[in-house]
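Work through the exercises below with the sequence and the 3D view side by side. Try each task before you read its solution.

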Amino acid sequence: MESYRNYEWFLKEDFSRYAGKWLAIIDKKVVASGEDVNKIIKEVKKEYPNKRPFVTKIRDKLSVL
């Protein structure tokens, strides 16, 4: 359920300043960002061992579905 709440929050926020980067979100807060997803996940697991982050990449160009 926590991941779903983070996803809903993610859909409503503006993350354009993170264009081209990976984000890890916990409790509706960006807890890590960068270009290497493996490094981000490792960092988050160390810092928040009992939490499951929502991880996504912010595109650097407009996507149209």
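**Exercise 1: Helix α1 and its faces**

Y7 is found in helix α1, where helices are DSSP runs (H or I) of at least four residues and strands are runs (E) of at least two, both numbered from the N terminus. The model is predicted, so local features need pLDDT of at least 70 and side-chain atom pairs count only at pLDDT 80 or more, whereas totals for chains, interfaces and linings use all residues. Residues are numbered from 1 along each chain as its sequence is written, and side-chain values use heavy atoms, with hydrogens and water left out.

Task: find out which residues of helix α1 are buried, and how they are arranged around its axis.

Solution. Begin with the terms: a residue is buried under 20% relative accessible area, exposed over 50% and partly exposed in between, for a 1.4 Å probe and protein chains only. In helix α1, which covers residues 2–12, the buried residues are N6, W9 and F10. Seen down the axis, these buried residues fall within an arc of 105°, so they line one face of the helix; the arc is taken from the directions from the helix axis to the C-beta atoms. The face turned away from the buried side carries the exposed residues L11 and K12. As for Y7, its relative accessible area is 36%, so Y7 is partly exposed.

**Exercise 2: What the helix packs against**

Task: determine which strands the buried residues of α1 pack against, and which residues T56 is in contact with.

Solution. The buried residues of α1 pack against β1 (22–26), β2 (29–34) and β3. Next, place T56 in strand β3, which spans residues 54–57; because its relative accessibility is 15%, T56 counts as buried. Leaving aside neighbours within four places in sequence, T56 is in contact (heavy atoms within 4.5 Å) with F10, K21, W22 and L23.

**Exercise 3: A salt bridge**

Task: identify the salt bridge partner of D27 and say where both residues lie.

Solution. The structure holds 1 salt bridge, meaning a side-chain nitrogen of Lys or Arg within 4 Å of a carboxyl oxygen of Asp or Glu. D27 forms this bridge with K51, the closest N and O atoms being 3.2 Å apart. D27 lies in the loop between β1 and β2, and K51 in the loop between α2 (37–47) and β3, so the pair ties together parts that are 24 residues apart in sequence. D27 counts as partly exposed because its relative accessibility is 47%, and K51 likewise counts as partly exposed, at 35%.
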